[in-house]
Amino acid sequence: MLYERYSRLMMAVCLRYCKDEFLAQEALQNGFIKMFHSLHCYNPELPFGPWIRRIMINCSLDQLSKKPDTVDIDEVNYAGNAVYNQMDAELTGAELMCLVDTMPAGYRTVFNMYVIDDMSHQEIAEILQITEATSRSQLFKARNYLKNALTKQQKMYL
Amino acid sequence: MNKRSPLEDRLYQQFYDTEADVPQDMWKNIEAHLNVKEEKKRPFPTFYFLTILAVSVFGTLAVFNAHFTAKGQRSDDVMPKTVFPIESEPLRNQTAQKGLPPTPAADARRAASPGPVSRNNKETALPAGKDTKYADSHDQGQLSLVFPTSGIKEAEPTMMMEGHNDPAGIISGQATLPVPNEAPSVVVHQTLPPIGQPDIGRLSGTASRSIALPAPVLYRDRTNAFFLQISAGAGLPLRKLRYTPAENRAYSARQSTEKPLYAWNINAGLGFLLDNRWSFSSGFEYFTLKEKFNYYKENAGRLQYRYDENGQPIDTQLIKGVMIERSGNTYQLINIPLSIGYETRAGKWKLGIEAGLAFNVSLSPSGKILTNDQQVQRLENTEDIYLSRTGISWRAGLQCLRSVDRTTAVFIRPQYQHYPERWTRSGHPADIRYSFLQCNVGLRKAF
């Protein structure tokens with residue numbers, strides 16, 4: 001069954017974009033509904049995974065656009081703790097993701113799409129309805145942001 | 001494959017195929033939504049059936065109307081003063097049938113008469129026992145004479161033959177026909193119309209038998225007519241909001257923040273007046289409901305980002321304050337009403353009742369609502385709260401018409417409208433239904 005096979009994987013995708021668990025759940029639910037209604041549009045010659053992943057990303061972005069980009073104070077503290085209380089020299093993947101989560105939504109979205117979901121700038125521009133140049137610029141800023149955060153963290157270690 | 005730094009590559013390797021826990025009831029929700037969507041796609045047989053029925057009824061009535069029009073029917077009034085032509089009969093038969101007291105001279109002249117008074121091979125007829133109108137047809141160049149209607153049914157026109165040499169003339173409105181002296185004359189007596197009745201024309205004097213009276217077109221009241229009507233109105237919305245379970249945060253949130261204000265509508269439609277009493281109408285209605293949304297929250301938090309010259313965020317700040325959200329919610333509906341009415345005349349007014357159904361074809365909400373987690377949500381972005389159609393509503397009301405001229409009438413129509421079906425989706429905990437008290441004013445034009 002499609003749901004059993006892909007739900008957990010897609011939940012992780014939605015969580016990466018939405019950050020908020022409830023929004024991610026809603027995005028996952030809408031994504032599956034959309035997917036079942038669009039099955040007739042799926043080209044069987046192409047892999048199914050990227051197709052459903054793209055649907056989930058679209059739904060996550062829809063959810064993000066509905067909710068203003070504000071975070072609760074608890075969430076901010078949590079993110080801050082994740083960055084500044086890290087004392088290990090070697091950052092784990094999860095910790096890196098915490099750093100990514102502290103990015104502004106625009107940076108984070110493009111970073112996620114380009115780096116983790118392996119989308120080209122053309123695809124990102126198409127989905128976000130922006131120009132490729134803007135996508136490149138957002139990615140550049142996101143990388144800078146991450147670099148700064150890591151540098152800041154290195155300083156804290158010293 | 002995109003170019004990535006080693007760090008990014010590590011993120012990709014670790015998170016591309018990562019998994020996360022999914023809530024247990026997620027599939028049930030998805031299944032429920034899929035069922036709702038399937039239900040929504042089902043055709044609406046009642047709607048199609050009634051539409052076909054309405055089209056059939058109007059088609060039949062149109063054919064019926066065209067049939068009478070082809071026979072020379074003429075409609076002059078949306079109100080009952082529309083008239084029909086009546087079969088012509090010779091004048092001699094009329095006088096004979098009515099048992100008018102013939103004079104010896106008249107008998108003699110009738111015997112000598114070559115036939116009925118005629119012109120253009122049409123015979124003149126003055127019917128008995130009917131409300132008659134001898135109307136002027138300017139386009140045909142005919143004379144006009146009215147034998148008024150109610151209250152004078154016993155007053156029948158009479159004709160008498162008089163001497164050949166009598167000077168004579170037929171006067172009707174502006175027209176006077178010269179009559180040769182040698183021709184035998186006809187005297188037409190006519191009862192004046194009662195006060196308040198229109199006097200379209202009058203025939204008096206004497207006329208030669210040899211001259212022809214214009215063929216009269218006699219009418220009786222026409223009782224069937226098509227009409228167009230437009231109206232606009234405003235009303236008071238009555239909302240019924242229920243939640244399942246009965247008391248929860250969403251219920252109190254919406255109850256405290258939303259307040260129905262008013263509704264307005266515009267209508268345009270086509271109708272048919274049957275037997276001058278029954279009316280059937282259908283058309284198009286645009287309906288708008290306005291509600292007030294007012295949300296006040298103390299101690300609300302807002303996160304503010306600060307950016308440096310390069311546009312990079314350097315700080316975040318939580319600002320606490322009072323949050324006030326004020327806006328108006330709008331629900332726009334498009335309906336196809338189907339109404340039946342009954343009217344009765346009361347002097348210059350017509351009073352009646354009207355009832356019917358309205359088939360909603362579109363509902364589009366816009367504005368804001370407060371969700372159970374105290375979040376303000378825009379209605380435009382949510383498809384899972386309101387239906388795209390509200391189904392059938394019924395309406396009933398009174399109607400009061402006043403004629404402006406022979407084909408036009410204005411009306412006022414207070415009515416009650418009720419939507420028995422909920423406006424929200426079946427899976428949604430809110431059950432919202434509306435009723436409206438409204439008053440429309442409009443214009444009706446017959447043709």
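In what handedness of crossing does H1(A) pass H3(A)? The crossing is right-handed. Keep in mind that this is a predicted model.

**A pair of helices in chain A**

Let's look at that pair. The axes of H1(A) and H3(A), the latter spanning residues 48-66, cross at roughly 40 degrees and come within 9 Å. From H1(A), the residues making the contact are A:Tyr6, A:Met10, A:Val13, A:Cys14, A:Tyr17 and A:Cys18. H3(A) brings A:Ile52, A:Arg53, A:Met56, A:Ile57, A:Ser60, A:Leu61, A:Gln63 and A:Leu64 to meet them. Sorted by class, this contact has eleven nonpolar residues, two polar ones and one charged.

**Where the chains meet**

Now to the two chains together: 32 residues of chain A are in contact with 33 residues of chain B. On the chain A side, six helices listed in the table each supply at least two residues.

| Helix of chain A | Residues |
|---|---|
| H1 | 2-18 |
| H2 | 21-37 |
| H4 | 73-84 |
| H5 | 93-101 |
| H6 | 105-116 |
| H8 | 132-157 |

H1(A) turns up here again, with the largest share of this side: eight residues. By class, the side of chain A that touches chain B divides into 19 nonpolar, eight polar and five charged residues.

**A look at chain B**

The partner, chain B, has six helices and 20 strands. Of its 447 residues, 27% are buried. Among contacts in chain B between residues at least 6 apart in sequence, 71% join residues at least 24 apart.

Note on methods. Residues are numbered from 1 along each chain as its sequence is written. Chains are lettered from A and ligands numbered from 1 in the order in which they are written. This is a predicted model: local features need pLDDT of at least 70, side-chain atom pairs count only at pLDDT 80 or more; totals for chains, interfaces and linings use all residues. Two residues are in contact if their C-beta atoms, placed from the backbone, lie within 7 Å. Helices (H or I, at least four residues) and strands (E, at least two) are DSSP runs, numbered from the N terminus. Ala, Val, Leu, Ile, Met, Phe, Trp, Tyr, Cys and Pro count as nonpolar, Asp, Glu, Lys and Arg as charged, and the others, Gly among them, as polar. Axes are lines fitted to C-alpha atoms, for helices over the stretch in contact, and angles run from 0 to 180 degrees between N-to-C directions. A crossing is left-handed if the near helix is turned anticlockwise from the far one by less than a right angle, and right-handed if clockwise. A residue is buried if 20 or more other C-beta atoms lie within 10 Å of its own, exposed if 12 or fewer, and partly exposed in between; C-beta atoms are placed from the backbone.
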